[in-house]
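Colleague: I have the chain open on my screen and would like to go through it with you. Could we begin with the surface?

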Amino acid sequence: MNDLLAERIRRKLDTLTDEQVYQVLDYVEFLESKYAQRAAGAPAFQKVAETLEDTLRAGRVPLNIIRGTMDTVGKAGKFLEGLAAAGKAAVEDATRKQTDKVTDKATDKPVEESKPPA
């Protein structure tokens, strides 16, 4: 999808109520199944959040409760992403330090002392 079309769709969605946006989502998912298109891949946490949202909708939970729940889940997801990024950075830093130590040991050769001529 080109950027102009995506922006046009976003503008249209912004004018709809939550209930109408869910109807649009239902229709998009119907089109995916009708044309056997593979759903866009999403990160694991995103898939869990979408499943939770679908379950709440299927249970006829009021939209304001769903919105609040999904806002909380979104904040938790951002926290977990930050935590994962920090963990990855720590591992990369430790790996780099370990690699630097191995490199230093490999290049350090004992220096022979020079003896003055006798």
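Modeller: Bearing in mind that this is a predicted model, the protein chain exposes about 10400 Å², and carbon and sulfur atoms supply 59% of that area.

Colleague: And how much of the chain counts as buried?

Modeller: Of the 118 residues in the protein chain, 8% count as buried.

Colleague: How many helices and strands are there?

Modeller: The protein chain has four helices and zero strands, and read along the sequence it follows the pattern α-α-α-α.

Colleague: Which residues make up the largest nonpolar core?

Modeller: That core has six residues, namely Tyr22, Ala49, Leu56, Ile66, Met70 and Val73. At least two residues of this core come from each of α3 (44-58) and α4 (63-107), and the largest share, three residues, is from α4.

Colleague: Take Met70, then; what does it touch?

Modeller: Leaving aside residues up to four places away in sequence, Met70 touches Ala49, Leu52 and Glu53.

Colleague: Switching to pockets, what volume does the second largest one have?

Modeller: The second largest pocket has a volume of about 250 Å³, and the elements that give two or more residues to its lining are α3 and α4. The most comes from α4, with six residues.

Colleague: Which residues line the second largest pocket, and how do they divide by character?

Modeller: The lining includes Ala49, Met70 and Val73, which are also members of the largest nonpolar core, and among the others are Pro43, Phe45, Glu53, Gly77 and Lys78. By character, the lining residues divide into five nonpolar, three polar and four charged.

Technical notes: Residues are numbered from 1 along each chain as its sequence is written. This is a predicted model: local features need pLDDT of at least 70, side-chain atom pairs count only at pLDDT 80 or more; totals for chains, interfaces and linings use all residues. Side-chain values use heavy atoms; hydrogens and water are left out. A nonpolar core is a set of buried Ala, Val, Leu, Ile, Met, Phe, Trp, Tyr and Cys residues joined through side-chain atoms within 4.5 Å. Buried means under 20% relative accessible area, exposed over 50%, partly exposed in between (1.4 Å probe, protein chains only). Contact means heavy atoms within 4.5 Å. Accessible areas come from the Shrake-Rupley method with a 1.4 Å probe; for residues, only the protein chains shown count as cover. On a 1 Å grid over the protein atoms alone, a cavity is a set of points where a 1.4 Å probe fits but cannot get out, and a pocket is an open set with protein on both sides within 12 Å along at least five of seven lines; lining residues have an atom within 4 Å of a point. Grid points are joined across faces, edges and corners, and a volume is the space filled by probe spheres set on the points. Ala, Val, Leu, Ile, Met, Phe, Trp, Tyr, Cys and Pro count as nonpolar, Asp, Glu, Lys and Arg as charged, and the others, Gly among them, as polar.
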